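Reader: I have a model open and want to talk through a few details. Can we start with a charged side chain?

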Amino acid sequence: MEAVRSVKIYLNNADEVWKFVNTIRKFSGEYDLAAGSYTVDAKSILGVCALGTKKPLELKLVDSKGEENRLLTALGQYLVRE
């Protein structure tokens, strides 16, 4: 089993949550979003809202179906540059 790749994202407010979820829903892969011990489906608006804003979140690319580069480009404004 291959390791799950993850990147850090940052969402400032509810509007960004809405835009993030609508963007990631355009991709067919499976993606999770985590904050501490809580993990939700990154395509779930309620789940992402429950994690909150104004803190780094971990986007886990569970099965990106070869879409990883396109996805990361589409989500570029939310990526935390380390």
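**A buried charge and its surroundings**

Author: Asp-32 is buried (under 20% relative accessible area, 1.4 Å probe, protein chains only), yet Asp-32 has no salt bridge (a side-chain nitrogen of Lys or Arg within 4 Å of a carboxyl oxygen of Asp or Glu). The nearest side chain of opposite charge, Lys-60, is 6.3 Å away; Lys and Arg count as positive, Asp and Glu as negative, and His and the chain ends are not counted.

Reader: What are the ground rules here?

Author: This is a predicted model, where local features need pLDDT of at least 70, side-chain atom pairs count only at pLDDT 80 or more, and totals for chains, interfaces and linings use all residues. Residues are numbered from 1 along each chain as its sequence is written, and side-chain values use heavy atoms, with hydrogens and water left out.

Reader: Where is Asp-32 found?

Author: In strand 2; strands are DSSP runs of E, at least two residues, and helices are runs of H or I, at least four, numbered from the N terminus. Beyond four places in sequence, its contacts (heavy atoms within 4.5 Å) include Thr-39, Glu-58 and Lys-60.

Reader: What order do the strands of the open sheet have?

Author: The order of its four strands is 1-4-2-3, with antiparallel pairing; pairing takes at least two DSSP bridges. Strand 1 (5-10) and strand 3 (38-41) are at the edges with a single partner strand each, so one side of each lacks a neighbour in the sheet.

Reader: How many bridges join strand 2 and strand 3?

Author: Four, in the antiparallel sense. Ala-34 has Thr-39 of strand 3 as its bridge partner.

Terms used: Buried means under 20% relative accessible area, exposed over 50%, partly exposed in between (1.4 Å probe, protein chains only).
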